[in-house]
Amino acid sequence: MTKSGKPKSTTAMTESITGKDSPEAKAFQKKIDADITIEPKDWMPEAYRHTLIRQMSQHAHSEIVGMLPEGNWIGRAPSLRRKMILLAKVQDEAGHGLYLYSATETLGISRDQMIEQLHSGSAKYSSIFNYPTLTWADMGAIGWLVDGAAIMNQVPLCRTSFGPYARAMVRICKEESFHQRQGYEIMIAMAHGSPAQKVMAQSAIDRWWWPSLMMFGPPDADSPHSAQSLKWKIKRTSNDTLRQKFIDVTVPQAEFLGLEVPDPDLKWNKKRDHYDFGEIDWDEFYQVISGNGPCNKERLDARIKAWEDGKWVRDAALAYEQKKQAAAA
């Protein structure tokens with residue numbers, strides 16, 4: 001890590017691990033270029049495997065940690081209908097984590113190893129989940145903005161080059177679209193409700209707008225993994241392109257709600273046919289992913305406690321399986 005908290009470039013390391021001039025590496029890249037899906041038993045460069053493990057485990061961790069800020073509101077949702085919808089959403093996110101952990105295990109890493117990396121801080125999860133949810137309007141903003149950004153990021157992953165990842169993403173994206181609509185419905189109700197509710201809705205977008213833009217990752221020029229991930233077609237679209245697309249789609253939705261996007265530099269650029277927008281505070285982004293966000297410690301402590309509290313269940317399941325195998329033998 002650099003002094004600013006930014007990760008160092010991994011280009012030299014990637015080239016040395018890949019053996020990019022070997023016959024196997026050349027044949028592998030030809031398959032990628034031809035859009036032939038890579039499966040777990042296929043030959044792959046170690047750097048490709050390592051990159052997938054990093055990205056997929058981070059994605060899985062994000063789904064599981066992402067349950068925490070929303071789970072906190074299930075008992076405080078304003079109606080039974082809202083409770084049922086939020087409960088279903090949190091349950092979906094648990095399933096997403098399961099699909100992604102299972103897909104990552106096909107690369108030769110165990111679930112226990114991934115969990116240990118999360119708990120030790122060596123593996124990351126999305127910075128967005130280190131912010132607090134202060135009001136019910138935040139449940140709307142998370143569904144609309146955070147899940148909206150997730151969909152923008154994840155739909156291209158349905159065509160990622162690694163088969164198990166791509167197949168998991170098909171179902172995940174379908175369920176994420178439900179989550180985004182659920183959030184926007186809450187925002188409609190709040191924005192068109194009482195004056196106090198509209199103030200809550202505006203306050204929520206003020207808090208979540210910029211962290212949502214950070215979800216796409218650092219600018220392309222500063223992203224240490226993007227170029228190689230695009231070459232390998234792990235990623236299909238660059239960070240900046242996805243961020244711009246999200247802004248272009250989301251600003252009209254905010255206008256429909258009668259809410260103001262908290263960016264004084266936001267304006268439509270006719271020449272570019274896109275919105276221009278203000279500078280993102282990347283120092284904040286790197287501080288949060290380095291562990292210094294408002295809720296980093298709280299989120300990790302909750303995950304570690306849940307893991308430790310569930311040890312007896314894992315031990316019982318293992319003992320039962322061993323007993324069954326012994327009886328069969």
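**Rings and helices in a predicted model**

Let me begin with one contact that you can find on the screen, where Arg76 lies over the face of Trp73, at 3.8 Å from the ring centre. A second arginine is placed in a similar way, since Arg314 lies over the face of Trp307, at 3.6 Å from the ring centre. Please keep in mind throughout that this is a predicted model, and that every value I quote is computed from it.

Now let us step back to the whole chain. It has 14 helices and two strands, and its C-alpha trace spans about 65 × 55 × 40 Å along the principal axes. What radius of gyration would a compact globule with 329 residues have? The expected value is near 20 Å, and the chain has 21 Å, so the two agree. Buried residues make up 47% of the 329 residues, and, if we take the contacts between residues at least 6 apart in sequence, 77% of these join residues at least 24 apart.

Let me return to the aromatic rings. A pair of aromatic rings is described by the distance of the centres and the angle of the planes. The structure holds 11 aromatic pairs, and one of them is formed by Trp268 and Tyr275, with 4.9 Å centre to centre and 75° between the planes, which makes the pair edge-to-face. Is each of these two partners buried or partly exposed? Trp268 has a relative accessible area of 40%, so it is partly exposed, whereas Tyr275, at 11% relative accessibility, counts as buried because the cut-off for buried is under 20%. Elsewhere, ring pairs link Phe28, Trp43, Tyr48 and Trp232 into a cluster.

The next topic is the helices, and I would like to take three of them in turn. Helix α3 covers residues 46–65, and at 1.5 Å a residue its 20 residues should span 28 Å, which agrees with the 28 Å between its end C-alpha atoms. Because 16 of the 20 residues of α3 are buried, this helix is largely enclosed by the rest of the structure.

Helix α8 has 29 residues, which at 1.5 Å a residue should span 42 Å, and its end C-alpha atoms are indeed 42 Å apart. Even so, α8 bends by about 25° at Val170.

Helix α9, residues 195–214, should span 28 Å with its 20 residues, and the 30 Å between its end C-alpha atoms agrees with that. Where does α9 bend? The bend, of about 35°, is at Trp208, and a proline, Pro211, follows within four residues. Both Trp208 and Pro211 are among the buried residues of α9, which also include Ala201, Ile205, Trp209 and Trp210. The elements that cover the buried residues of α9 include α7 (137–154), α8 (163–191), α11 (239–257) and α12 (282–292).

To finish, let us look at a single residue in this helix, Leu213. Its relative accessible area is 0%, and therefore Leu213 is buried. Which residues is Leu213 in contact with, leaving aside its neighbours within four places in sequence? They are Arg243, Phe246, Ile247 and Ile280. By contrast, Ser22 lies 191 residues from Leu213 along the chain, and the C-alpha atoms of the two are separated by 39 Å.

Definitions and conventions
Residues numbered from 1 in each chain as written. Predicted model: local features only at pLDDT ≥ 70, side-chain atom pairs only at ≥ 80, totals over all residues. Heavy atoms only, no water. Phe/Tyr/Trp six-rings, centres within 6.5 Å; stacked < 30°, edge-to-face > 60°. Buried < 20%, exposed > 50% of the residue type's maximum accessible area, 1.4 Å probe, protein only. Lys NZ or Arg CZ within 6 Å of the ring centre and 35° of its normal. Expected span 1.5 Å × (residues − 1). Bend = angle between axes of the 7 residues up to and from the residue. Contact = heavy atoms within 4.5 Å. Rg over C-alpha atoms; globule rule 2.2 N^0.38 Å.
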